[in-house]
Amino acid sequence: MAKLFRILFAAFATICLSSCERITDKPSVTFPESSYLIPASGGKLIIPVRSTGIDDVRISYSDMSNWEVDSATGDMVPAKGWIEIIKVLNNYQTTRDLAEWSSGIMVEVEPNSGNSERSALVFAKSFNVESSIKITQPASIVE
(Lines give C-alpha, C1' and ligand atoms only; values in the text may rest on other atoms or scores of the structure.)
Protein backbone atom coordinates (compact mmCIF):
# COMPACT_ATOMS: atom_id res chain seq x y z
CA MET A 1 0.00 0.00 0.00
CA ALA A 2 2.82 2.37 0.88
CA LYS A 3 4.53 1.59 -2.43
CA LEU A 4 1.33 2.38 -4.36
CA PHE A 5 0.96 5.63 -2.42
CA ARG A 6 4.54 6.67 -3.31
CA ILE A 7 3.98 5.88 -7.00
CA LEU A 8 0.73 7.89 -7.08
CA PHE A 9 2.36 10.78 -5.21
CA ALA A 10 5.34 10.81 -7.61
CA ALA A 11 2.98 10.78 -10.62
CA PHE A 12 0.90 13.62 -9.13
CA ALA A 13 4.00 15.69 -8.38
CA THR A 14 5.34 15.15 -11.90
CA ILE A 15 2.06 16.27 -13.46
CA CYS A 16 1.89 19.36 -11.24
CA LEU A 17 5.48 20.40 -11.90
CA SER A 18 5.31 19.85 -15.65
CA SER A 19 2.09 21.85 -16.03
CA CYS A 20 3.23 24.86 -13.99
CA GLU A 21 4.77 27.75 -15.84
CA ARG A 22 7.63 29.25 -13.91
CA ILE A 23 7.86 33.04 -13.94
CA THR A 24 10.95 34.56 -12.44
CA ASP A 25 10.12 37.84 -10.76
CA LYS A 26 13.12 40.07 -11.18
CA PRO A 27 13.14 43.87 -11.16
CA SER A 28 13.56 45.30 -14.65
CA VAL A 29 13.70 48.62 -16.50
CA THR A 30 13.99 48.78 -20.28
CA PHE A 31 13.59 51.47 -22.92
CA PRO A 32 12.27 50.32 -26.31
CA GLU A 33 14.52 52.88 -28.05
CA SER A 34 18.26 53.35 -27.55
CA SER A 35 18.25 57.14 -27.98
CA TYR A 36 16.23 60.18 -29.05
CA LEU A 37 17.23 63.11 -31.23
CA ILE A 38 15.36 66.24 -30.17
CA PRO A 39 15.16 69.22 -32.56
CA ALA A 40 17.09 72.37 -31.64
CA SER A 41 13.73 74.07 -31.00
CA GLY A 42 13.12 71.73 -28.02
CA GLY A 43 9.67 70.59 -26.89
CA LYS A 44 7.93 67.90 -24.86
CA LEU A 45 8.71 64.21 -25.22
CA ILE A 46 7.24 61.08 -23.65
CA ILE A 47 9.87 58.36 -23.30
CA PRO A 48 8.26 54.87 -23.13
CA VAL A 49 9.53 52.56 -20.36
CA ARG A 50 8.79 48.91 -19.47
CA SER A 51 9.54 48.24 -15.83
CA THR A 52 8.51 46.65 -12.57
CA GLY A 53 7.65 50.16 -11.38
CA ILE A 54 9.69 53.34 -11.68
CA ASP A 55 11.12 54.33 -8.30
CA ASP A 56 13.35 57.18 -9.43
CA VAL A 57 14.27 59.21 -12.52
CA ARG A 58 17.35 61.39 -12.86
CA ILE A 59 19.25 63.20 -15.58
CA SER A 60 23.02 63.27 -16.12
CA TYR A 61 24.32 65.87 -18.57
CA SER A 62 27.35 65.13 -20.73
CA ASP A 63 28.75 68.62 -20.33
CA MET A 64 28.81 71.19 -17.57
CA SER A 65 25.53 72.83 -18.66
CA ASN A 66 23.87 71.92 -15.36
CA TRP A 67 26.50 73.78 -13.29
CA GLU A 68 27.36 77.45 -12.86
CA VAL A 69 30.69 78.66 -11.53
CA ASP A 70 30.67 81.35 -8.85
CA SER A 71 33.10 83.95 -10.23
CA ALA A 72 34.10 85.14 -6.74
CA THR A 73 34.95 81.74 -5.23
CA GLY A 74 35.24 79.40 -8.20
CA ASP A 75 32.70 77.08 -6.55
CA MET A 76 30.27 75.16 -8.73
CA VAL A 77 26.60 75.51 -7.91
CA PRO A 78 23.69 73.63 -9.51
CA ALA A 79 21.99 75.43 -12.36
CA LYS A 80 18.67 74.65 -13.94
CA GLY A 81 19.28 71.97 -16.57
CA TRP A 82 18.00 72.10 -20.12
CA ILE A 83 15.80 69.03 -19.65
CA GLU A 84 13.03 69.07 -17.06
CA ILE A 85 11.22 65.95 -15.86
CA ILE A 86 7.52 66.82 -15.95
CA LYS A 87 6.09 63.54 -14.61
CA VAL A 88 6.16 59.76 -14.71
CA LEU A 89 3.07 58.32 -16.38
CA ASN A 90 1.92 54.99 -14.95
CA ASN A 91 -0.49 52.73 -16.78
CA TYR A 92 0.00 49.29 -15.38
CA GLN A 93 -1.48 45.80 -15.60
CA THR A 94 -0.70 43.32 -12.85
CA THR A 95 0.28 39.99 -14.38
CA ARG A 96 2.61 38.60 -11.71
CA ASP A 97 3.82 39.22 -8.16
CA LEU A 98 6.04 42.10 -9.29
CA ALA A 99 3.77 44.10 -11.55
CA GLU A 100 5.13 45.22 -14.91
CA TRP A 101 4.27 48.74 -15.97
CA SER A 102 4.03 50.26 -19.40
CA SER A 103 5.08 53.70 -18.28
CA GLY A 104 6.36 56.91 -19.77
CA ILE A 105 8.64 59.66 -18.59
CA MET A 106 7.45 63.06 -19.77
CA VAL A 107 10.28 65.53 -20.23
CA GLU A 108 10.45 69.03 -21.60
CA VAL A 109 13.57 70.05 -23.49
CA GLU A 110 14.50 73.74 -23.73
CA PRO A 111 15.53 75.16 -27.11
CA ASN A 112 19.25 74.94 -27.83
CA SER A 113 20.30 78.48 -28.69
CA GLY A 114 24.00 77.63 -28.50
CA ASN A 115 26.34 76.65 -31.30
CA SER A 116 27.16 73.15 -30.07
CA GLU A 117 25.28 69.89 -29.84
CA ARG A 118 24.36 68.76 -26.34
CA SER A 119 23.39 65.41 -24.89
CA ALA A 120 22.21 63.88 -21.65
CA LEU A 121 21.29 60.52 -20.21
CA VAL A 122 17.90 59.96 -18.58
CA PHE A 123 18.08 57.21 -15.95
CA ALA A 124 15.07 55.25 -14.67
CA LYS A 125 15.32 53.01 -11.63
CA SER A 126 13.13 50.12 -10.46
CA PHE A 127 14.15 48.55 -7.16
CA ASN A 128 17.91 47.98 -7.56
CA VAL A 129 17.95 47.96 -11.38
CA GLU A 130 18.71 51.07 -13.43
CA SER A 131 18.68 51.74 -17.16
CA SER A 132 19.37 54.83 -19.25
CA ILE A 133 18.52 56.40 -22.57
CA LYS A 134 20.47 59.09 -24.42
CA ILE A 135 18.89 62.37 -25.52
CA THR A 136 20.79 64.44 -28.08
CA GLN A 137 19.91 67.94 -29.26
CA PRO A 138 21.73 69.59 -32.18
CA ALA A 139 22.87 73.20 -32.15
CA SER A 140 20.51 75.78 -33.58
CA ILE A 141 23.33 77.65 -35.29
CA VAL A 142 25.06 75.66 -37.99
CA GLU A 143 28.46 77.08 -39.05
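The following exercises, with worked solutions, treat the fold, core and surface of one chain.

The model is predicted; local features require pLDDT of at least 70, side-chain atom pairs count only at pLDDT 80 or more, and totals for chains, interfaces and linings use all residues. Residues are numbered from 1 along each chain as its sequence is written, and side-chain values use heavy atoms, with hydrogens and water left out.

**Exercise 1. Describe the secondary structure of the chain and its contacts.**

Step 1. Helices (H or I, at least four residues) and strands (E, at least two) are taken as DSSP runs, numbered from the N terminus. The chain has one helix and ten strands, in the sequence order α-β-β-β-β-β-β-β-β-β-β.

Step 2. Contact means heavy atoms within 4.5 Å. Of the contacts between residues at least 6 apart in sequence, 66% join residues at least 24 apart.

**Exercise 2. Identify the largest nonpolar core and the surroundings of Ile135.**

Step 1. Buried denotes under 20% relative accessible area, exposed over 50%, and partly exposed in between (1.4 Å probe, protein chains only). Buried residues account for 30% of the 143 residues.

Step 2. A nonpolar core is a set of buried Ala, Val, Leu, Ile, Met, Phe, Trp, Tyr and Cys residues joined through side-chain atoms within 4.5 Å. The largest one has 21 residues, and those with the most contacts inside it include Ile47, Val107 and Ile135. At least two residues of this core come from each of β3, β4 (56-61), β8 (100-109), β9 (118-126) and β10 (129-137).

Step 3. Leaving aside residues up to four places away in sequence, Ile135 touches, among others, Tyr36, Leu45, Ile47, Trp82 and Val122.

**Exercise 3. Classify Ser51, Glu68 and Val69 as buried, partly exposed or exposed.**

Step 1. Ser51 lies in strand β3 (residues 43-51). Because its relative accessibility is 0%, Ser51 is buried. The Ser51 side chain reaches the backbone nitrogen of Gly53 at 3.0 Å.

Step 2. Glu68 belongs to strand β5. Its relative accessible area is 48%, so Glu68 is partly exposed. The C-alpha atoms of Glu68 and Lys80, twelve residues apart along the chain, are 9.2 Å from each other.

Step 3. Val69 is in strand β5 (residues 67-69). With a relative accessible area of 59%, Val69 is therefore exposed.

**Exercise 4. State how much area the chain exposes.**

Accessible areas come from the Shrake-Rupley method with a 1.4 Å probe; for residues, only the protein chains shown count as cover. The chain exposes about 9,700 Å², of which carbon and sulfur atoms supply 55%.

Key
A polar contact is a pair of N or O atoms within 3.5 Å; within protein, one must be able to donate a hydrogen and the other to accept it, and residues adjacent in sequence count only if both atoms are side-chain atoms.
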